[in-house]
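Reader: I should be grateful for a close look at the empty spaces in this structure, with attention to what lines them. Please add whatever can be said of the surrounding parts.

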Amino acid sequence: MTITRRQVLNRLGMAAMASGLAGLATRVIAAGDGREVITASDGHLVLPGDFVFDGMPEEQLAPILERHDISREEIRQPCNVTLLRDGEKVILFDAGAGPLFMPSAGDLALTLDGLGIAPEDVTDIVFTHGHPDHLWGVLDDFDELLFPEAAFHFGQAEWEYWSDPDTVDTIGEARAAFAVGARRRLDAIAEKTGFFTDGDEVLPGIMAHATPGHTPGHMSFEIATGGDPVLVAGDAVTNAHVNFEQPGWPSGSDQDPERGAETRARLLDRAAADGLRLIGFHLPGGGIGRVERTGGAFRFVEEAA
C-alpha cells in the first residue's frame, strides 16, 4: 500500500489533536452474530430554522418546539455516522461532511481515530444519499480519497440524479452548490463504486430500502443482527421533535417535501410496529433509539448509554 502525503499529515494532525477527542461522541450496540454497530460523531450542523420549519403551521409548531426546547430561529443537528464491524469488514454508512462544508462538522476521521480505526482500515462505505454532510467526506483537505482502501456502494437512482449535469439547474439556487460538490466527489470515487436498488443485499446482512423524498434516491438500510435488526434511516427522519409528533408535515429540508412526509410516516410506522432499533443521522443521543406510538403520532426514545 502506498502511503500518501495526505495520510502522513493526517496522522500527525490526529496525534496533535488527541486531547480534543473526548468531545467527539460515540455509541456502541452489541448487535449479535459477531457484529458491532457503532455511531461515530462527525460534529454537528448549524442551520437556520426556516430550512426545516418554513411552511409549517406556526401556531401548532410553537408548542412542539417549546416542549423540546428547540429554537425557531436556529437548529443544531448532530451528525451520527453509523459504523459496522463485521469480522474483517469495517463498514461506514455515509462518509461525513469533510473539511469544506461547515466548520462545526467534518470530525469523523478524528472520532474514528479515537476508536483505533485509521481511514485505510475502512473496507466499505454505503451511502444513504448525496447531500454534503453524507458524501463530501470522501475527500480530504488535499482532494485525495480519505478512505483509500474502501469500496463504495451507491443507490443507482441516487447516483444517476447527482451525476446528471442538469441537476445543478433543476435543484434550485439554494442547493446548486450541493450538486456541484456531489458531482466532483462522484467523479473521484466512480472507479471504486458499485450500485444497488431497492431490496438488494448491498453486503452480507445489509438490506437496502428505498426511502425517497429527502432526495430522489434516498436509501435506508436494515442490518441483520441475529434477531434484533437495526434500521439505519439516514435523513428519512431528520429530527426527534416535529418529524415524530407531526410526521405528515412537509419539511423544508426534504427536496420533495410531500414525498418525504409520506416516506417518513411509513418508516416510523414500521419501526414502531416491529420494535426496530432506529439510527438517525441527525437524531440525539448518538442517534440510537426506538420509535413508540403516542396518540396518533410517535416519539423517539433514546437508547440508554
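Author: What follows describes a pocket, a cavity, a buried loop residue and a helix in turn. The model is a predicted one.

The pocket to consider is the second largest, with a volume of about 300 Å³. Its lining comprises 18 residues, and those closest to the centre are Ile70, Arg76, Ala240, His241 and Pro284. Two elements, β3 (74-86) and β14 (297-302), give two or more residues each to this lining. Of the elements, β3 gives the most, with five residues. Sorted by class, the lining of the second largest pocket holds seven nonpolar, seven polar and four charged residues.

Strand β3 appears again in the enclosed space. Searching the whole structure reveals one cavity of 30 Å³ or more, and the largest cavity contains about 40 Å³ of space. The residues that line the largest cavity are Asn80, Thr82, Phe93, Asp94, Thr128, Val232, Gly234, Ile279, Gly280 and Phe281. At least two lining residues come from each of β3, β11 and β12 (277-280). By class, four residues of this lining are nonpolar, five are polar and one is charged.

Strand β11 also leads to the next point, since Asn239 is placed in the loop between β11 (230-234) and α9 (242-245). Is Asn239 buried or exposed? Asn239 is buried, because its relative accessible area is 4%, and a residue counts as buried under 20%. The side chain of Asn239 makes two polar contacts with backbone nitrogens: that of Val242 lies at 3.0 Å, and that of Asn243 at 2.9 Å. Leaving aside residues up to four places away in sequence, Asn239 touches Val52, Phe244 and Leu283.

A further buried group is found in helix α6 (residues 156-163), where Glu158, Trp159, Tyr161 and Trp162 are buried. Viewed down the axis of α6, these buried residues fall within an arc of 160°, and therefore they line one face of the helix. The general geometry of such a helix is relevant here: an α-helix has 3.6 residues a turn, so residues three or four places apart point the same way. The cover over the buried residues of α6 includes β6 (151-155), α7 (167-170), α8 (176-189) and β7 (193-196).

Note on methods
Residues numbered from 1 in each chain as written. Predicted model: local features only at pLDDT ≥ 70, side-chain atom pairs only at ≥ 80, totals over all residues. Heavy atoms only, no water. 1 Å grid on protein atoms, 1.4 Å probe; cavity = no way out; pocket = protein on both sides within 12 Å on 5 of 7 lines; lining within 4 Å. Points joined across faces, edges and corners; volume = space filled by probe spheres on them. Helix = DSSP H or I, 4+ residues; strand = E, 2+ residues; numbered from the N terminus. Nonpolar A, V, L, I, M, F, W, Y, C, P; charged D, E, K, R; others polar. Buried < 20%, exposed > 50% of the residue type's maximum accessible area, 1.4 Å probe, protein only. Polar contact = N/O pair within 3.5 Å; in protein donor to acceptor, adjacent residues only side chain to side chain. Contact = heavy atoms within 4.5 Å. Arc of directions from axis to C-beta.
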